[in-house]
Amino acid sequence: MSTYVINNRIPRFPIKPHYPDREGLQKRIEDVFQVWLKERFISNLVRRKTCSQLYDFSVWLGDGKGCVESSRAADFTVWCAAQGSKPQSDWGDFLVYARKRIPELDWETVPAP
């Protein structure tokens, strides 16, 4: 069963507009996210909570004209604090994971070690 069927809220991570195959890269980052989610979290409940929170974060990121390539782990932590919630996942871990699997994105920030 796919994460989408379980959750129905796979984040639509905003990426920079200059890619020739922007829609293809958008789909790839969503697929990479689903693999990361399944590898990091065993419980379906935790996956749903994580996915829901990151969905809201991705909407906020897109509304602020941000993109995944320039975001940092601290951005998510600050956003969670502003929402009055604790992070359900490690955004920095996902960024490192995505950076390794989609190197053709125009990544701006260097992940923390």
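**Exercise 1. Identify which residues of the largest nonpolar core touch the most other members, and which elements contribute to this core.**

Solution. In this predicted model, the largest nonpolar core holds 27 residues, and those touching the most other members are Phe33, Trp36, Trp91 and Phe94. Two or more residues of this core come from each of α2 (22–40), α3, α4 (73–83) and α5 (91–101), and α2 gives the most, with six residues. Taking Phe33 as one of these residues, and leaving aside residues up to four places away in sequence, one finds that Phe33 touches Ile10, Pro11, Phe13, Cys51, Leu54 and Phe94. As background, nonpolar side chains in soluble globular proteins tend to be buried together.

**Exercise 2. Decide whether Gln53 is buried or exposed, and describe what surrounds this residue.**

Solution. Begin with the location: Gln53 belongs to helix α3, which covers residues 44–63. The relative accessibility of Gln53 is 9%, and because a residue counts as buried under 20%, Gln53 is classed as buried. Next, consider the polar side: the side chain of Gln53 reaches the backbone oxygen of Lys86 at 3.1 Å. Finally, with residues up to four places away in sequence not counted, Gln53 touches Phe76, Trp79, Cys80, Ser85, Lys86, Pro87, Gln88 and Ser89.

**Exercise 3. Describe the chain as a whole, from its helices and strands to its contacts and surface.**

Solution. The chain has five helices and zero strands, giving the pattern α-α-α-α-α along the sequence. Of its 113 residues, 41% are buried. Among contacts between residues at least 6 apart in sequence, 65% join residues at least 24 apart. The accessible surface comes to about 6500 Å², and 54% of this surface belongs to carbon and sulfur atoms.

Conventions
Residues are numbered from 1 along each chain as its sequence is written. This is a predicted model: local features need pLDDT of at least 70, side-chain atom pairs count only at pLDDT 80 or more; totals for chains, interfaces and linings use all residues. Side-chain values use heavy atoms; hydrogens and water are left out. Helices (H or I, at least four residues) and strands (E, at least two) are DSSP runs, numbered from the N terminus. Buried means under 20% relative accessible area, exposed over 50%, partly exposed in between (1.4 Å probe, protein chains only). A polar contact is a pair of N or O atoms within 3.5 Å; within protein, one must be able to donate a hydrogen and the other to accept it, and residues adjacent in sequence count only if both atoms are side-chain atoms. Contact means heavy atoms within 4.5 Å. Accessible areas come from the Shrake-Rupley method with a 1.4 Å probe; for residues, only the protein chains shown count as cover. A nonpolar core is a set of buried Ala, Val, Leu, Ile, Met, Phe, Trp, Tyr and Cys residues joined through side-chain atoms within 4.5 Å.
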